[in-house]
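Let's take a walk through a protein model together, one stop at a time. Have the sequence and the 3D view open as you read.

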Amino acid sequence: MRRVNWLRMAVIGVAVALIEALCRGGVIKPFTMTPPSQMLADLLPLLSSAEMLQHVAETLVNVATALLFAIVVGFLAGAVLFVLPRVRRVVDPLLSSYYAIPIFVFYPLFVVLFGLNRTPQIVIGFLLAVVAMIINTLNGFDRVPPVLLKTAKVLRMGRVATTRRVFLPYATLYIFTGLKLAVAYSFIGVIAAEFILSGAGIGYEINFAYNNFDNHVMYPLIVLIILISTFINMSLYAWEKRFLERQTGR
């Protein structure tokens, strides 16, 4: 393990130990927060509950659905905008200011359009994640060195071959960045939508526990979200690192 990884783990460990000490020492009251060790202890019984597992499964399915659509639509939209520069010039200001728009204000509209079901939650997760994929796909394609494109023309490579052998290999790392951001935005969108109006899901359970001052449910579920998102992003990071090693031969 590299030194930077050890330093990262040490910082996290010190932060968790500090919070644990503050909670155990009474500086942070139990009414405000439970110690991290207690959060983990409370998480295990929750995950053994069939009802809670259904809530977790619903959230993960919603996040996965939003993420899948965001990846596919975002990549295709980025590719289309790259080959249509005039359209891109029109859309660029909208992409630049997109995250200044509070997507959640459209939740009542989505409820009217799609009904009181999981679809509005998926739509919000999708809308938050898709632009990250579009922007990073464009960034990857923009950074392909012109010399590689000239080489492809000299070799008389067609558009499909150029895309497969030049654009995609060079832009993959940027697309990975968009993918990691899309994972985070999908979780944020779906879980926040469950807070607003939902009868199921992790967000609903956290909101219900918060309103009932049940820290022994709220904090373990927050920890669960952190663990799941961290696992997914670390897996993507490892995959990205292996790809980079193959590309550089190191």
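Before we start, one term: a helix here is a DSSP run of at least four residues, and helices are numbered from the N terminus. Keep in mind, too, that this is a predicted model.

With that in hand, find helix H5, which covers residues 107–114 and includes Phe 114. Phe 114 counts as partly exposed because its relative accessibility is 37%. It also belongs to a nonpolar patch on the surface, along with Ile 101, Val 105, Phe 106, Leu 109 and Leu 113. Together, these residues have about 540 Å² of accessible area.

Now move along to helix H6, residues 119–142. How far apart should its ends be? At 1.5 Å a residue, its 24 residues should span 34 Å, and the end C-alpha atoms are indeed 34 Å apart, so the two agree. H6 is mostly covered, with 19 of its 24 residues buried.

In the loop between H5 and H6 sits Arg 118, and it has a partner in a distant part of the chain: Glu 58 in helix H3, 60 residues apart from it. Their side chains meet in a salt bridge, 3.7 Å from N to O. Arg 118 is partly exposed because its relative accessibility is 31%, and Glu 58 is partly exposed too, with a relative accessible area of 21%.

Arg 118 also takes us to Asn 62, which lies in helix H3 (residues 50–83). Is Asn 62 buried or exposed? Its relative accessibility is 0%, so Asn 62 counts as buried. Its side chain makes a polar contact of 3.3 Å with the side chain of Arg 118, and another, of 3.2 Å, with the side chain of Gln 121. Leaving aside neighbours within four places in sequence, the residues in contact with Asn 62 also include Ile 122, Val 190 and Glu 194.

Back to salt bridges: the whole structure has 4 of them. Another one joins Arg 24 and Glu 20, at 2.9 Å from N to O. Both residues lie in helix H1 (residues 3–24), 4 residues apart, or about one turn. An α-helix has 3.6 residues a turn, so residues three or four places apart point the same way. Arg 24 is exposed at 54% relative accessibility, whereas Glu 20 is buried at 18%.

Helix H4 (residues 85–96) has a similar spacing: Arg 88 and Asp 92 are 4 residues apart, so about one helical turn separates them. They form a salt bridge with the closest N and O atoms 3.7 Å apart, and Asp 142 joins them in a network of salt bridges.

How values were computed: Residues are numbered from 1 along each chain as its sequence is written. This is a predicted model: local features need pLDDT of at least 70, side-chain atom pairs count only at pLDDT 80 or more; totals for chains, interfaces and linings use all residues. Side-chain values use heavy atoms; hydrogens and water are left out. Helices (H or I, at least four residues) and strands (E, at least two) are DSSP runs, numbered from the N terminus. The expected span of a helix is 1.5 Å times one less than its number of residues. Buried means under 20% relative accessible area, exposed over 50%, partly exposed in between (1.4 Å probe, protein chains only). Patches are made of residues with over 30% relative accessible area and no salt bridge: like charges are joined within 9 Å, nonpolar side chains (Val, Leu, Ile, Met, Phe, Trp, Tyr) within 5 Å. Accessible areas come from the Shrake-Rupley method with a 1.4 Å probe; for residues, only the protein chains shown count as cover. A polar contact is a pair of N or O atoms within 3.5 Å; within protein, one must be able to donate a hydrogen and the other to accept it, and residues adjacent in sequence count only if both atoms are side-chain atoms. Contact means heavy atoms within 4.5 Å.
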